[in-house]
Amino acid sequence: MRKTLLIAPLLAALAACSQSEPEAPAAADPAAQPPAAPETAPLTPSPTDPAAAVEAGRTASATLAPTEGHQTRGTLQFEAVDGGIRVTGEITGLPGGSEHGFHVHETGDCSAPDATSAGGHFNPASSAHGRVGQGEHHAGDSDNITATAAGIAVVDRRLEGATLGDGAATDILGKGVIVHAKPDDYKTQPTGDAGDRLACGVIEAAQ
Ligand code: CU
Ligand code: ZN
């Protein structure tokens with residue numbers, strides 16, 4: 001009888017404490033909720049974290065949308081490979097059997113109706129414009145893409161001097177991608193004389 005009288009006020013005090021202070025239950029019963037668990041869980045990158053995915057597989061993607069007055073669109077995948085970046089994907093809405101300049105541009109901004117907001121060719125090394133595998137060229141330079149008679153280009157191109165997801169000056173993550181109206185001549189500075197911009201996209205970490 002005497003014990004009951006002593007414990008009852010204690011329980012009442014704990015109950016009151018629980019109601020007035022939200023953190024009281026954890027403090028009152030440490031065994032039920034290990035303090036370390038809630039602290040460490042958010043710090044461990046989950047497999048679906050985009051940043052972790054880029055770090056692990058070094059992949060990214062871009063969705064190309066048409067500029068004003070054009071119908072060119074597509075999806076691209078970027079993968080870090082030995083010495084550069086492999087770009088694959090499919091682009092539709094091109095004139096049949098045509099050849100088109102295709103580059104990574106310095107700004108991931110497709111907001112302008114003609115996509116001039118994407119800036120010039122991505123060029124972290126301040127190089128001259130040129131052709132991949134044939135001397136000096138921009139990190140964003142790529143060989144032209146070619147459309148079938150149906151206006152579809154299956155893309156498999158390579159960038160050299162570019163990296164993916166490493167945060168270096170050469171990192172193409174967040175940069176723009178442009179499909180041009182004309183072929184790149186690999187000579188004219190600094191654009192390759194590839195003409196208007198038919199489609200624009202932003203390189204983003206693969207989900
Ligand atoms: Cu370009
Ligand atoms: Zn260039």
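In the predicted model, the number of disulfides comes to 1. This bond joins C110 to C200, with an S to S distance of 2.0 Å. Because C110 lies in the loop between β5 and β6 (145–146) whereas C200 belongs to strand β9, the pair ties together parts that are 90 residues apart in sequence. The torsion about the S-S bond of C110 and C200 is about -75°, and the disulfide is therefore left-handed. The two cysteines were also examined for accessibility: C110 is partly exposed, with a relative accessible area of 28%, while C200 is buried, with a relative accessible area of 3%.

A zinc ion (ligand 2) is bound by the protein donors H121 (ND1), H129 (ND1), H138 (ND1) and D141 (OD), which lie 1.9 to 2.0 Å from the ion. The angles among the 4 donor atoms range from 104 to 117°, and the site is tetrahedral. For comparison, the ideal angle for four tetrahedral donors is 109.5 degrees. The spacing of the donor residues in sequence is H-x7-H-x8-H-x2-D. Of these residues, H129 and H138 are buried.

The largest nonpolar core comprises 26 residues, and those with the most contacts inside it are L76, F78, I91, F102 and I172. At least two residues of this core are supplied by each of β1 (59–66), β2 (73–81), β3 (84–92), β5 (102–105), β7 (153–160), β8 (176–180) and β9 (197–202). When neighbours within four places in sequence are left aside, L76 is in contact with A60, S61, A62, L64, V87, T88, G89, I91, F102, V155 and V177. In soluble globular proteins, nonpolar side chains tend to be buried together.

Terms used
Residues numbered from 1 in each chain as written. Chains lettered and ligands numbered in written order. Predicted model: local features only at pLDDT ≥ 70, side-chain atom pairs only at ≥ 80, totals over all residues. Heavy atoms only, no water. Core = buried A, V, L, I, M, F, W, Y, C linked by side-chain atoms within 4.5 Å. Buried < 20%, exposed > 50% of the residue type's maximum accessible area, 1.4 Å probe, protein only. Helix = DSSP H or I, 4+ residues; strand = E, 2+ residues; numbered from the N terminus. Contact = heavy atoms within 4.5 Å. Donors = N, O, S within 2.8 Å, 3.2 Å for Na, K, Ca; no water. Tetrahedral: all angles 85-135°; square planar, octahedral: opposite > 155°, others 65-115°. Disulfide = S-S within 2.5 Å.
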